[in-house]
Amino acid sequence: MAPAASASGQPQWSTKFDTKRRHDLFTSPPKDKTAYPTLAAAVDPHIESFNHILSGQLEHGIKDIGTKIFLDGDPFAAPGAGEKRNRLSLRIQDVFVDKPVLPSSNKVALKNRNIYPSETRERHATYRGKMRARLEWRINNADWQEEVVDLGNIPIMLRSNRCHLAGLSPRDLVQAKEESEELGGYFIVNGIEKIIRMLQVGRRNYPMAIKRGAFTNRGPGYTPFGITIRSMRPDQTSQTNALHYLSDGNVNFRFSWRKAEYLVPVMMVLKALVETNDREIFEGLVGAAGSEGLTEKQFVTDRVELLLRTYKVYGLHSKAKTRAYLGSKFKIVLQLPADATDEEAGTEFLRKIVLPHLGCVAVTPAQDADKFRMLLFCIRKLYALVEGDCAVDNPDILQSHEILLGGQLYGMLLKERLEEWLNSFQLALREWGRKSAFKPFTSQDFQKDWASKILRRTQSNIGQAMEYFLSTGNLVSPTGLDLQQAAGFVVVAEKINFLRFLSHFRMVHRGAFFAELKTTSVRKLLPESWGFMCPVHTPDGSPCGLLNHFAHKCKLATSDLDVSMIPKLVAQLGVSSKSSASLDASVVVQLDGRVLGYCSPKEAKVIADTLRFWKVEGKMNVPLELEIGYVPNSNAGQYPGVYMFSQTSRMYRPVKYLPLDKLDYVGPFEQPYMSIACTDAEIVSGDSTHVEIDPTHILSILANQTPFSDFNQSPRNMYQCQMAKQTMGTPATSLRYRTDNKTYRLQTGQTPVVRAPLHNEYGLDNFPNGMNAVVAVISYTGYDMDDGMIINQSSLQRGFGHGTIYKTKVCDLEEGSRRNRSSKTVTKLFGFAPEGLVKAQSKETLDDDGFPRIGTMLRYGDPLAAWHSVTHDSATGDYINRDAQTQFFKYKEDEVAFVEEVRIIGSEDGTQPCQKLSIKLRVPRTPIIGDKFSSRHGQKGVMSQKWPSRDMPFSESGIQPDVIINPHAFPSRMTIGMFIESLAGKAGALHGIPQDSTPFRFDEQNTAVDYFGHQLMKAGYNYYGNEPMYSGITGQELHADIYIGVVYYQRLRHMVNDKFQVRTTGPINPTTGQPIKGRKKGGGIRVGEMERDALLAHGTAFLLQDRLMNCSDYMRAAICRSCGSFLSTTPIVSEYGRKKDKDLTMRCRRCAKLADGASNKADIWMDAQGTRYSGGEDVAIVAVPGVLKFLDVELASMGVRLKFQVEP
Amino acid sequence: MSTHYNNPPQSQQQQASQTAGEAAASAVDSTARTVHYKCGDCDMDVPLKRGEPIRCRNCGHRVLYKQRTNR
């Protein structure tokens, strides 16, 4: 098998070890392009969607924002009194975003002013570039004046076209202190890597038939039936239009604008769009006069008649009048200038709100006609739904979904911020007007104050808003962006290991709204997801089914296709603009939510098939990625027609088109109506049009790494996907330049012997995630019960599973305080106070400069850094310390750590003394009993014993297992894949070959066992993988042959050292006296109701008392036997005696009498206030829970007295 | 790179500063003590005193590393 060279000239990756090639790649990273193009492609949608913001999306957005007009004069003046008001027009002409560079305040760096991502990581800063806008303004009809306005620094996505890393070769990336295979696609905010999560949203420009009970709540007459269409503007902001069916047959048009809902009769919208008449509308809704099936359409004709009749009450008879009427109602809502006419406002309403995907900037009459036709189609579909001619569209299936990419969301937010910035001029102008006695815009003062008083008052800090969005994930938006959630858009791209990091980019969420939903229907794995969403790779628990991962071959469209030729081709194939009444006679042909025409169902199939042939063939300029959704006529199924989609955000995946034996892409809309065979053997002649390229294409990157996953019970594969992401592996090779809060690292990672070719294709050998271990399946010592595993102590000593945790502590002297940055306002400095005493103890860990020494061992409470307060002496330029006090940042963790790196962080302008320190600590974590390990088959276990090598069982060839697991781990879990991995690993290790573990490669005729069994036989081993073994303790042969082989083991990041929690006594809650919660604070684990029940049921009363009393809020309290009160007891205070804390004599104040002359001197006692009493001696000391006394006090405060009977 | 050029004077400098530091140790402990750091970008030696701005003298880089030893 010679390595096949791919088109790029690089040899393709196979399942081989490729040691030499990888070594060469490590020592000399390629100068041209990455050796792992598949890996880069996995992240591409993120980067491309970000690139698209500045190469189109925002440009469209600016056009959509258009020109904002503000009027001068007193807004509260009596109307009609003054002269004509002047108009200030504002528009954004251009937006520029620079690559991250140093601010101009930095005068020291001369050569290289670029800020690279590695620096922002190290400085715990944000990777951001300056954003500017060219703002144009004019007064009345004067010339436009322009001004470039600084809009702050916006975070930049790594490897995007605004990043310094864009297009760098692996070698250059290493030079820039990045991974050689740096993926990009994320942001760095405050030193933390953040990623905008992909979101599943409704498919754009497709009218969905919806039946929802909540629709009836809108008012009387409303029915559950409706049509919604998520109409998408070219700037990727959407406007949802909905139609409601009313019980009398009427239809209302609903939309949301700035989070408020509005309803308009649909007839009004129709009549405003084009100059039309009732007959045209009637024929458009029912079907052309004399067309087929018109007589059976009594239901629709009745309703359309009613629709037309009820509209008569408005008495609006022309397009202009209808627009003026609409405009008068929505002028204020749309924030139009006060001097706009009603008809202009109505036109603006149609432009902005009604089906903006068919035209939202400078709308032509043809576009209005398109909107009209589309709206008619929606109404037709609505009537069909009500009549029962079509079914509701399921909003939970992938067919009706698309993906909101991170860059698109970012662009939407940018557009909205820009628009809000223009809107904020209103306030600034009014403020200026109020202060200047409402001078006109034409005055000199306005010109003078424009920059200083008006422009500066606007909300121009878009950079800060974007940074807030990325650091919190919260959407602050007046429109809500047509999304169902306002938070949770951004997640931290955790680098626990490489697989975890990679998964973040392939992850797609259904939306926070659905997470709270009680029903589970949205979480279901539906067949429509086939090939797009991985069926295996979803977490179990609360996000199950909502947080999915893309199949590894699923692609995302990030730009619109050129489909200008489609309408012509479709017209040539035969569509007419008129439709018949019956669906059997004519169905619709649509392209991106635009009605191209109607044709018969037969013709529709021909159109779909012909276009598909052309698109695969590459003829007639039909793009290959076009989605041609042919919905056939059915018995009240999905509304039939040909729906084509060419725009961005779609998912598509490669399959083979059989007629041409060529690559075709299919999308989720068309897939349910296509016949795609899974394997070549399953192709049905005359039915199948496509065949899968490989059955593994349905699995995600991670799920593909599970060896022989087709042999496992499916939940085990899900568990493995979870555990692979929790493995202590290799997060990065540029660890030296990273400052993650916490990173795990496996010191002794290996490449698995058993792996799929995709392992190499995705370059996973650069980030090893586990170790090959010799695993014996025996019940040997009893320590392997219940998922325990015994590890050979010598293996551990040789480094098996040895790991490290790196933690970064930031010592910031100006945390949250100083915002105006100047070297003169510094109040604290690192280092020991110059005049102060320095304790020798603190010098043990700290150097002269007050920073920790590298390599120092730190224990709990050791100083991490020293600082002192200073004031700036402007005469000498020195910092003077006056109090001679040195303060310390301390190491506050129980575990021993070593100082690995100390970074002294300067400010961006390079003029300030050190205010921030970043200390990387290394916590060695050699495996200890209680640490968690797992194989790649969801078989996790806890190391329960380190077994000495001499006592381990050994085979005839002298092999000892590294790991012993219990045979009981298998029967119920049915992870046969692990057995096969064991066989394959053993054979691979014996022959020195890597083993291909791709699922679906073996079948009943060619079994895996046979394949690997013969390999084992060739190596002189038992065909079944069993071997006779000898007890390591007695040396006797074990009665049974033992299944032993090589399995790849992962060490999971859950370690006892982070988990153990013990206490007898410790910190308590001051009010109740009970132990506090939380491991960090040294608290206890709650013995709750059920635990109490268990102890009770066992009759272990002393244990119960120990837990609930002695180790909790045990308290000795004084109680008066006679009056039964805790609260009336008081200690006596001797007049002469010394204070003794012990042996306090307690008396009851309530039962005592005030001492008078008659009482016996010996009986008189005095309380702490000096009042003398006699009597009240019947006081006992009892042990009670502290809260009991607390309860007594609480009740007493409400006037309730507790009385206790004390016996004996 | 420039390491060859820089090394000899650097060690002398360090020795000088150390002897000076020891002489004045009893009176003023560490006010004038220079500590040497490594530039995070160009790997140059950066001597800094207390209160001095953090930047590399050579390239103006803003992250400095503490060195493992001061010998």
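This passage describes a sheet in chain A and the interface between chains A and B in a predicted model. Local features need pLDDT of at least 70 and side-chain atom pairs count only at pLDDT 80 or more, while totals for chains, interfaces and linings use all residues. Residues are numbered from 1 along each chain as its sequence is written, chains are lettered from A in the order in which they are written, and side-chain values use heavy atoms, with hydrogens and water left out.

In chain A, 4 strands (DSSP runs of E, at least two residues, numbered from the N terminus) form an open sheet of mixed pairing in the order S19-S18-S21-S20; strands pair if DSSP finds at least two bridges between them. Strands S19 (594-599) and S20 (627-631) stand at the edges with a single partner strand each, so one side of each has no neighbour in the sheet. Antiparallel strands S20(A) and S21(A) (residues 641-645) are joined by 5 bridges, and A:Gly629 has A:Tyr643 as its bridge partner.

Turning to the interface, 26 residues of chain B are in contact (heavy atoms within 4.5 Å) with 39 residues of chain A. The buried area (accessible area, 1.4 Å probe, that two parts lose on being put together, summed over both) is about 2,600 Å², with 50% from carbon and sulfur atoms. On the chain B side, B:Arg50, B:Arg62 and B:Lys66 lose the most area, together 30% of what that side buries. Strand S37 of chain A (residues 897-905) runs antiparallel to S3(B), joined by 3 bridges, and A:Arg903 stands opposite B:Tyr65.
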